[in-house]
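Here is a short note for a colleague who is new to this structure. Please read the points with the model open.

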Amino acid sequence: MENFRYYTPTRYIFGKEAQKNAGKLSAELLGKKVLLVFGEGSAKRSGLLDQVEDSLKDNDIKFYEFGGIKPNPTDGPVRLGIELARAEGITGILAVGGGSVIDTAKAIAAGVPYNGDFWDFFSGKAIPEKALPIGVVLTIPAAGSEGSGNSVITKEEGLIKVSIRTDYVLRPLFALLNPELTYSLPKYQTACGIVDMMAHILERYFTPTHGTTVSDGISEGLLKSIIKVAPEVMSNPEDYDARANIMWAGTLAHNGICGCGKIEDWASHGMEHELSALYGVAHGAGLSVILLAYMRYMLRHKPERVVMLSRNVLGVNIPDDLEAGEEGVKRLEAFFKSIGMPVTLEQLGIENPDIPLLVKRVHQNKGETFGAYYPITSQESAAIYTLALGDRS
């Protein structure tokens, strides 16, 4: 096991009407001038934004609406948000939405006190050392951004999609999680979220570190719980307990607990980011395709963790390691299909992917090699993208 630091300042309020705590916690933790960041209108249409704003008013908090954040968030709105926050003397940021909204809020929070271009953080030129405090009202369980110190933004010029990771600077100070707010999510969006949270666990599960029994056990328990509950959510979207378990799993998948003591991988995310940047696909759907291709490649090159996943999570009981791993990947593929997720690039809507361009871009953004479990060179990334085509015979 590796040495590690683990710190999470996030105060979680979970359950029915959790969103009504927004004003009280904002007054305590965000200050008296709040930038209210939200998406393309669902929060307004559902009445959630009114509830949050009423709560802010009841606690004498002045707020400024900043809506219109789209999936796969870009740097343009971040720059506008930074300008507005500086002009109005914003003291904290409240995100109402899912990962795209929260990631945008984090980028704004980091950019406001910084003298340079906020993109310096994403390009690796600088590390965020301070930020405005952040709170969250979560509406989409998927990205886990409500409990992490991470943010993913795409630079519109060049379609460069990259992330930043911080130990604590960008972790929200509070997160309000009401499973009822997720009842109206479309099935496809729900399924994308399920794959996304599973991927966050798997990026930590695929590790070169040995002796991580406890962290592995947490990861395996979460994965088995997600796989068990997912069909209940898909068949009955208003099953409160099923929604609650999926929502909490999404938070635990990405708040760092699964990675304690480990060197984490993140190769699959790096490869998927190029798909969603170039082709505009949903992140979770892209991960469904890339994860399967990645595991198939690892079966032939470093099978240990694929085999371990197959036996401990997917219930494979075959003595031969290679056969067990192959059966495990088939079972994971069947699970993804069962919740309506694509398993090939063609099913993802990318019939003729430019694999050389994907390879070029991923190595420009991630380096000559990337991935901790098994170093991915351009030869490996090309092979994994090719496996993602599926069987075209």
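Helix axes are lines fitted to C-alpha atoms over the stretch in contact, and angles between N-to-C directions run from 0 to 180 degrees. Keep in mind throughout that this is a predicted model.

1. **H11 and H15.** Start with helix H15, residues 378–387, which packs on H11 at an angle of about 120 degrees. Their axes are 8 Å apart. The pair is therefore oblique, as angles of 65 to 115 degrees count as roughly perpendicular and those over 145 as roughly antiparallel. The crossing of H11 with H15 is right-handed. H11 brings Ile290, Ala293, Tyr294, Arg296 and Tyr297 to the contact. H15 brings Glu380, Ala383, Ile384, Tyr385 and Leu387. Eight residues of this contact are nonpolar, two are charged and none is polar.

2. **H12 and H13.** Next, look at H12 (residues 304–312) and H13 (residues 321–338). Their axes come within 8 Å and cross at roughly 65 degrees. That angle is why the two helices count as roughly perpendicular to each other. The crossing of H12 and H13 is left-handed. On the H12 side, the contact uses Val306, Val307, Ser310 and Arg311. On the H13 side, Asp321, Ala324, Gly325, Gly328 and Val329 take part. By class, the contact of H12 with H13 has four nonpolar, three polar and two charged residues.

3. **H8 and H12.** H12 also packs with H8, at an angle of about 55 degrees and with the axes 10 Å apart. H8 and H12 are therefore oblique to each other. H8 passes H12 in a right-handed crossing. Which residues meet here? From H8 come Asp216, Glu220, Leu223 and Lys224, and from H12 come Arg305, Met308, Leu309 and Asn312. The contact of H8 with H12 divides into three nonpolar, one polar and four charged residues.

4. **The buried side of H12.** Which residues of H12 are buried? They are Arg305, Val306, Val307, Leu309 and Ser310. What do the buried residues of H12 pack against? Their partners are helix H7 (187–205), helix H8 (213–235), helix H11 (283–301) and H13. An α-helix has 3.6 residues a turn, so residues three or four places apart point the same way.

5. **Cysteines.** How many disulfides does the count come to? The count is zero. Cysteine 258 is in no disulfide, and its nearest cysteine sulfur, that of cysteine 260, is 8.6 Å away. A disulfide would need the two sulfur atoms within 2.5 Å. Cysteine 260 is likewise in no disulfide, with the sulfur of cysteine 258 as its nearest, at 8.6 Å. Is cysteine 258 buried or exposed? Cysteine 258 is buried, at a relative accessible area of 0%. Cysteine 260 is buried too, at 10%.

6. **Positive phi values.** Most residues other than glycine have a negative phi. Check two residues against that background. Aspartate 60 has a positive phi, near 60 degrees. Aspartate 60 sits in the loop between helix H3 (48–58) and strand S3 (62–66). Its relative accessibility is 64%, so aspartate 60 counts as exposed. Asparagine 72 also has a positive phi, near 50 degrees. Asparagine 72 belongs to the loop between S3 and helix H4 (75–88).

7. **Alanine 253.** Alanine 253 is part of helix H9, residues 240–254. At 0% relative accessibility, alanine 253 is buried. Leaving out residues up to four places away in sequence, alanine 253 touches Met197, His200, Ile201, Arg204 and Leu222. Its C-alpha atom is 26 Å from that of threonine 369, with these positions 116 residues apart along the chain.

8. **Proline 342.** Finish in the loop between H13 and helix H14 (355–366), where proline 342 lies. Proline 342 is buried, with a relative accessible area of 6%. Proline 342 and alanine 285 are 57 residues apart along the chain, and their C-alpha atoms are separated by 6.3 Å. Alanine 285 is one of the residues that proline 342 touches, not counting residues up to four places away in sequence. The others are Tyr188, Ser288, Val289, Gln347 and Leu348.

Definitions and conventions:
Residues are numbered from 1 along each chain as its sequence is written. This is a predicted model: local features need pLDDT of at least 70, side-chain atom pairs count only at pLDDT 80 or more; totals for chains, interfaces and linings use all residues. Side-chain values use heavy atoms; hydrogens and water are left out. Helices (H or I, at least four residues) and strands (E, at least two) are DSSP runs, numbered from the N terminus. Angles under 35 degrees count as roughly parallel, over 145 as roughly antiparallel, 65 to 115 as roughly perpendicular and the rest as oblique. A crossing is left-handed if the near helix is turned anticlockwise from the far one by less than a right angle, and right-handed if clockwise. Contact means heavy atoms within 4.5 Å. Ala, Val, Leu, Ile, Met, Phe, Trp, Tyr, Cys and Pro count as nonpolar, Asp, Glu, Lys and Arg as charged, and the others, Gly among them, as polar. Buried means under 20% relative accessible area, exposed over 50%, partly exposed in between (1.4 Å probe, protein chains only).
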